[in-house]
Every structure is written in structure tokens, then in C-alpha cells.
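Good morning, colleagues. I should like to take a few minutes to go through one model with you. Please look at the screen.

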Amino acid sequence: MPIYRLLLYLYPASFRADYGDEMEAIFRIHLRDTRGVARIGLWFGVLQEVIMNAPAAHWDILKQDLRYTGRTLNRARSFALTAVVVTALGVGANTAAFSVADFVLLRPLPFADPEALVRLCEGPRSGGGWGCMNELSPSNYRDFKSMSSSFEDMGAFTGAGVNLVGVGEPRRVEIAPVTQEVLPLLGVSPALGRVFAPRDNDRSAVVISYGLWQSQFGGDSSVVGRTVRLDGVAHTIIGVMPRDFYFPTRNVQMWTALIFRNEDYEDRTNTYIRGVARLKPGVTFEQARADLDLIVGRLARDYPDTNAETGISFFRMRENMSPRFRLMLIALGGASLCLLLLTCANLANLLLARAAGRERELAVRAALGAGRERLMRQLVTESLILTIAGGAAGLLVAAAAVPLFASLVPDTLPIATEPHLDLRVIGFASLFTTLTALGFGLFPAIRAGRGTTFDALREGVRAGGGSKQRLRAVLVAVEVAMSVVLLITSGLLIRAVWRVQAIEPGFRPENVLVLHVALPRPKYDKPLQRVQFYDRILEHVRTLPGVRSAAFTSGLPMVTTGLITAVAVPGREAAPRRREGVSHRWVTPQYFTTMGIPLQRGRDVEDGDRADRAWVAVVSASFVERYWPGQDPIGKTFRHLDDTRTVVGVVGDIKVRGLERTSEPQMYLPAAQAPDPFPGGFDPKDLVIRHSGQETPLASAVREIVHSIDADQPVSNVRPMTQVIAGETASRRGQLQVLGVFAVVAILLSAVGIYGLLAYTVSQRSQEIGVRLALGADPARVGRMILADGMRLAFFGILPGVVGGYAAARGMSALLFGVAPGDPATFATATGVALLTALAGTLVPAWRAVRLTPMSVLRAE
Amino acid sequence: MNTEAESLLPLPPATFHILVALADEDRHGYAVIKDVAARTGGALRLSPGTLYRSIDRMVQQGLIREISSRPARDMDDERRRYYRITPFGRDVAMAESRRLAQMLDLARAKGLAPRKV
């Protein structure tokens, strides 16, 4: 018998209460009438019956509740809509923000056992910085590889651009020359063909990316074995990597073989490669670092001339991102938590308000015999329906919002630009809102079941006690506080972006078009060949309508941030490149005019600065400040590489490394005065044009000129210089957009919260207010009373909000670019906006209170 | 034709049998089970779960109603809940019978059922 009673618990409680005893009685009769084996049959039948009927009974009730919910929500459409919208915003914003944070910060990289993957570069002996501070020389790399014992394998790679000819239009493609260890140690098998094999000395083999395979080869499955020409040299495709494979960054579309010759190991300061390695099983990151630190010490002792100041940058592959990105994402996560909290407060408030209005309805139903369980079940169904609808809408919001976040994914990580929506996050956000909805949705049912319900039936008694009113006030204060926090933090970030944007780059980017025209080696191996190419292009470009001036440079500011070299100034002790770096560019005449870099003294690079004349240089003001402070630099000489240069001009400094970073002093050398041989990386390759017309026709005219001179020469990265500058602040602006949207939503929600609470208060107190007015109270005073209520709510929210905002700002001060975390203007604006919003939410209820007449109150009764 | 009654057709077999069992007298649950089993020669034995789920729904639909409890002699004199068919329940049972009869006529016309004896 107890077993049967237990089985009955599978039925809904209301069903059990109604029919349980009878079912048990019938079962007892059946049991009495059966004997022996037949009893087994009886139990079997009972089990079968319960399995069939109990879920069906639940479903019956659910259907009833759904119908009932449909009817009640249809009657309270504005409530239902508000609840759904509020849930959707909270769930949507959170899902999007956490998806991005999870994608960038937490999710394992798409390689085999990615936690064991580390990166190795040279760095300052004292440490500091993030990511790869300086590149490795092949000889240092060889020593790290052979002397260390912590790694399963180690490989090296570098980066380059090549002109891809032979498939479609000539195209500029980013490639990564990799040693044969690199692709196997990442542990990703190719989608087609193979990767480089150990002791594979074939320099003409290439592996291509999935993206390039699709775009240039149409996904042709017979692509393996095909020949392509890279910078004029024939290469054979040996494999295609899978779709989600990126290394070292997502721009790289091809991997060529990096094979060192003996002469590559000669110069320990010839640094151009980066290391990647896999830790041996059981070796921790810290152990490997200690291992490498010992080697650093030995190399410094053995090669003091070159390695005295050489340390390492050693980091997990996962951590190759600017700390600013990490902080931005954490800040974003914090902001979305604020919004989630605010959403829950708002939802709770809505449900409490509704519960207060329904107390009488529930009491009536309880009085008519509906059990407490039945009422609770009903309310739970209603809450769940609302949150499911809100959650589904939230998913749409999240799907729309995720692309907004793409600029927050650092391009230093080998992952895609855009995360996929994360199911775990959706689950988390839905759970949070569901719990809120359940918690506050059940509140009235619990009260309804407590037996105090008959109070609610009494004529004239208003629902909603004092304690619940206080709870609602606290919730509204929480909403205001959260929105103040969001207003303050986004306000501070706006100030920071303004500050960054106000930084003078040192040149005038407006009306400058830039195009990438990299000349391939060995086709253009001789300096004279290159100079002739530049001359012909520039000669034609300068005749185009709207072109004011044009020049070539070996690197655009903020795009090419490297090209750091050292110079030797007579009478001054030589300092290593690490300590006294100089940023250098090889340029053609008109570069300064075109870029709008002011010439402060002397002259520009001229057509006459050819290889057979005296070799000259133009330097920046800070270069003069460092080497000849207080002296006239014109006519001074210094040595660079193996040549002596004479300073002929001084120009203003520019922000080579970007708006937010400090840059080395700059030096500009005539492209025609280049030594031979000359490293390809130093070649002028960016064409800059100052114009007064339209960019698009100009770009196509330039393309035509280039093609008429060399049909195999691709032109890539065509864009206005202003876009390069905009790229500098893109991640900041991306974050700001998101936070800004959060703040606007937050402030709207808290306005709705204040309005809802006061409107409710006014309707509940209408009788009292009516009586006061009838007794001669001044309507203006009544209005002021309601306004004061609203302002009090705002005040209790703003106070903790300001404190929280300050704490949040302190935490993210690294993002603020020098704006004080307690910036008074921002705090004043944020509190002002919050007060105005509170006022806006208060006005309508106050107006209603003022317009109440004793008659209207009585009529409503 | 009563459209409200029509809207419930076709009735689930259990519902129809319960209406038939209650057509001539008020019965408690166990009596319904026994009546159905007797009339169908033991072919249809309603399980308690099916019975009370049907009863619950039929009460909501207004086909039957509960009348005050009284002692049931065949159930050890425990107090039982008795059910009575409502006029609407009668309408629905008749509508269902008509529907079944029409189906039978159709089948007969095609030789799929025996002629009336």
C-alpha cells in the first residue's frame, strides 16, 4: 500500500487531493481480489498506468493554465509586453557580452591541447610589456631550442606579404614563413593534402588557408599540386588548412617553408622571427620560464656584445593580447551584470505591482476552492511563459548585438573575428531571469495561501501592504543605482575617447589616400629598378586631376610600427638599438607635403638626392633633441648601417606607434639612396596621395597606372588615411557603443521603474488624496508631495550609484587614458541625467494626483 | 443541433463509456469501472488513473458533476464521491451516439458491417 501511495505522488498534487483516496480504495479492492502470480500482473498494470496517466494529468493542467495565462495576459497586455521587453534586453545584452568575453578570455584556442602552447620572443632583460616585445634572431632561437628541456617541440615563424600571381587578379597576400615544426606542433591536421614534414627542405612548398582556397581557387578539391607564383617565384600547393585554423593571426592566408641557411645564424642582432612551442607533458609554464631564464643568463655571459640586454618575452598563446582588451572585456562583463541586476529588479517590480493588483482575484479563487498548489502552479506557468518569451526575444537581441562586439576581439589571437552565441551563457542569463520571475511571481500565491486572503475580499480594502511597498522602493533604488554606475562609466569612457581623438598625430590625415604597392623580389632586386618604378608611377599619378602631391614610403604611421634601427652619432657613445631606437622610413620626395608633416628647418628630400650624390637624411625634432640638444642640426652627420648621412632638414614628430603609445624619434632617408643589398622589408611600398577630389575614381585611376607599368603588380589596402586614424580608436568606440546602449537602456528602465511605482502609489492613495483635496488641501502641495516621493527614490539610488560608479572607474582606470576616475564633470552629468529621468518618471503621476477630484475618486469606488 | 455538444465530438471511448454508465443512475468511480467492464463483457477495464483523469476533465467540461458523498456499500462503507450526468452530458452522449450510428450506416451501405438483425 505505501508503494501505491508513493506512486500517486507522480500525479499533480491537486489531482491527488481530489482523487487519490478513491484510487487507493479501488486499488485495495483489486489487491484483495487477486492472489499469487496475478498480483505481479496487477502491479505491472499499475506501473504502466501511472507512467501513462501521471504525465497526461500534468499536461491536462498545463493546458488549462496556458489557456488561463493566455487570457489573463491578453487582458494585461502592456504588463506582458513590458515584462517581455525587459527580460529580452537583460538576457540579450548579457548573452552577447558574456559570449564575447568567454570567446576571447576563456574558451580554449582551436588547437590540440591548447593550454600547452606557448610563445617565445626576445624582450627586455627587465621584463615588462605584453606579447612579443622584440623578435628573435635565428641564432638565439637555435640556442633556446637546443638548450631548453621543457618543450616537446619548438618552431619559429615570421610574417611577410607576397604578390600572388597566376590565379585571377594579382593579389597581395599575407603569409607566414614557418619552420617545419610549427604546423605539426599546433596539432591541427590539414583539410586537404599535407603540411611541411620534418627534414623537408623544399622551399617551394606552400600550405594555403581555407579562406584563400575558397576565394582564389573556388574550393577546388584538386588544388593540391597546383603551382602558384609568389613574388614571381613558382611554389607548389601541398595542403589546405581547415576552416577555423588561424596562425599566427587571422590575416595570414598562406604558410611557406622557413628554412635557415648557415649565414642566417651569423648575426645575433638580426632579429626577425618569433618562437612557438609546446610544453612537455607535466612541465608547467613557470618551470619552462625558469629553464629559459637560465639560458638567457648563459647567452648573456657567452655573447656579451649582443646579448647583454637580451631577455625574453615568454607567454601562453592564449594571453597574446593587450591588457587593455582584457580590461575592456571585464568592464563589459561588469556592465552587463549591472544590466542583468537592473533587469531583475525591474522584472521583480513589475511582478510585485501586478501581484498587488491581483490579490483580490487570487483570494476569490482560493475562496472558491482552488488549492494553494493549484494557484502557485498557475502563477509559475504565467511567469515561465513571460520569461520564455522574453528569453527568446533576448536571443534575437543577442544575435543582433554580437557583431557590435567584433571590434573588441583582439586581432593578436588566432581566433575568428566574431564569436558564436554561447549556449552556456544563454542558459545562465535565462536561469537568472527565470529565478527572479519565479521568486517574485510566487510571492502573491504564497500570500494567497496563507489565510490572510479574506482581508483582500473585504470591500474597500486596498491590496499591497506597506512592507511590499518598501520592497518595491528598494528595487527602484537599485535600478537607479545601477543606471548611475553605467552612466558614470560610459561617461568616463566617452571623455577618454575624446582625449585620444584630440591627440595630434603630427600629420594631417584628411584628403590623403593610401595604397599598398609592394614590389616583389627578386624581380625588383636592384635599387635602381625600384627607383625607376616609383618615378614612373609618381610621374603619372601627379598628373591625375585633383592630385596635389604623391610619394612612396616604407611604412605608414600607425600601420607599420616597427622598422626600428640604431644610429651612431660622432662624439657620442654607441647605445644598443634596444635602448636608443630610431624609427626610420625610406621615402621619395614630397612625402612630408603629402602627409602634412610640417618641415621645421632645412629642406625636404629632393629629386636630386640620388645614389651618386651626398647621402642625406631628414630627422624629427625629438631626434635633434636626443642627439644635438640646443644645436643647429643642419649639416651634422651620423652613421646608419655602413653609410654616413648628413642632416638636411628637420620635421615635426609624428605618432608612429599609434595615438596612445610613445614613439621613437624619426629619421627619413631618400629611397634613391638605399644600400645594395637592401632588406626587402625596408622597401618603400605605401603610396600616399594628397588630393582635393573623390577617392574612388582616384583609386581606380592609380590602379590603371600601376597595371600599365607592371600588369602583375597588385594594389591592395586602398583606404583614406583618416580610416587608419579611426582604426586607432575603433576598439574604444566599439566598447563605448556597447556601454552607451547599456546606459541608455538602464536609464530608461529605471525611469519606467520610478514611473510604475509612483503611478501605483497615486492610484492606491487616490482616496486619501481625494479626501485631502475635498478638505481644502492645495493641489500644488499634493503635486509637490508626489514629486518629493520621486526625488527621494532617485536620491536613495543615486547615492550608492555614485559610490559604485567611482569604484568601477577606479578598477578600469587603465582604460581612461588619464581621465580621473572621479572626474567631476562626468559625475555631475551622470547624476543630473539620473535626476532628470527620475523627474520625468514622476511628472505624470504627480499631474494625475493634482487633477484628482473628490468626485472622480468616489465614482471610481 | 447543439453546436457546443458537437464541438466535443468525437468523444474519447472512456468518456463515452462513463457517460453511458451514468445515464441511468449516479455512481461512484469504482461502480463506473465495474459497470463498463460488465457491459463490454470485460473487454474494457478502465484503470483508476484513466477513469479519474477522464472524470476530472468531464467535470470541467460540464458533462458530469459531483454530487454529495454518501457511503458506498460495495466499498467497505467508506464515503465515496458520486457523479451524475448533466443535461449537457446527455446531449453530448446522444450526439456521439448519432455520429456512431451514421458511421455504422455508411459502413453497412458498403457491406462492411452486418445488416440489422
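In this predicted model, helix 4 of chain A passes helix 11 of chain A in a right-handed crossing. Helix 4 covers residues 77–106 and helix 11 covers residues 372–401. Their axes are 6 Å apart, and the two helices pack at an angle of about 45 degrees. An angle that is neither under 35 degrees, nor over 145, nor within 65 to 115 counts as oblique, and helix 4 and helix 11 of chain A are therefore oblique to each other.

Which residues meet in this pair? From helix 4 of chain A, they include A:A80, A:V84, A:A88, A:G92 and A:A96. From helix 11 of chain A, they include A:L386, A:G390, A:G394, A:V397 and A:A401. By class, the contact between the two helices has 15 nonpolar and 7 polar residues, and no charged ones.

Let me turn to the contact between the chains. Here, 15 residues of chain A are in contact with 15 residues of chain B. On the side of chain A that touches chain B, helix 2 (13–33) and helix 3 (37–75) each supply at least two residues. Helix 2 of chain A gives the most, with 9 residues. That side of chain A divides into 10 nonpolar residues, 1 polar and 4 charged.

Finally, the domains. Chain A is divided into domain 1 (2–62), domain 2 (115–319), domain 3 (468–500 + 724–861) and domain 4 (518–713). The C-alpha centres of domain 1 and domain 2 of chain A lie 70 Å apart.

Methods: Residues numbered from 1 in each chain as written. Chains lettered and ligands numbered in written order. Predicted model: local features only at pLDDT ≥ 70, side-chain atom pairs only at ≥ 80, totals over all residues. Axes fitted to C-alpha atoms, helices over the stretch in contact; angles between N-to-C directions. Helix = DSSP H or I, 4+ residues; strand = E, 2+ residues; numbered from the N terminus. Left-handed = near helix turned anticlockwise from the far one by under 90°. Contact = placed C-beta atoms within 7 Å. Nonpolar A, V, L, I, M, F, W, Y, C, P; charged D, E, K, R; others polar. Domains from an automatic or database assignment.
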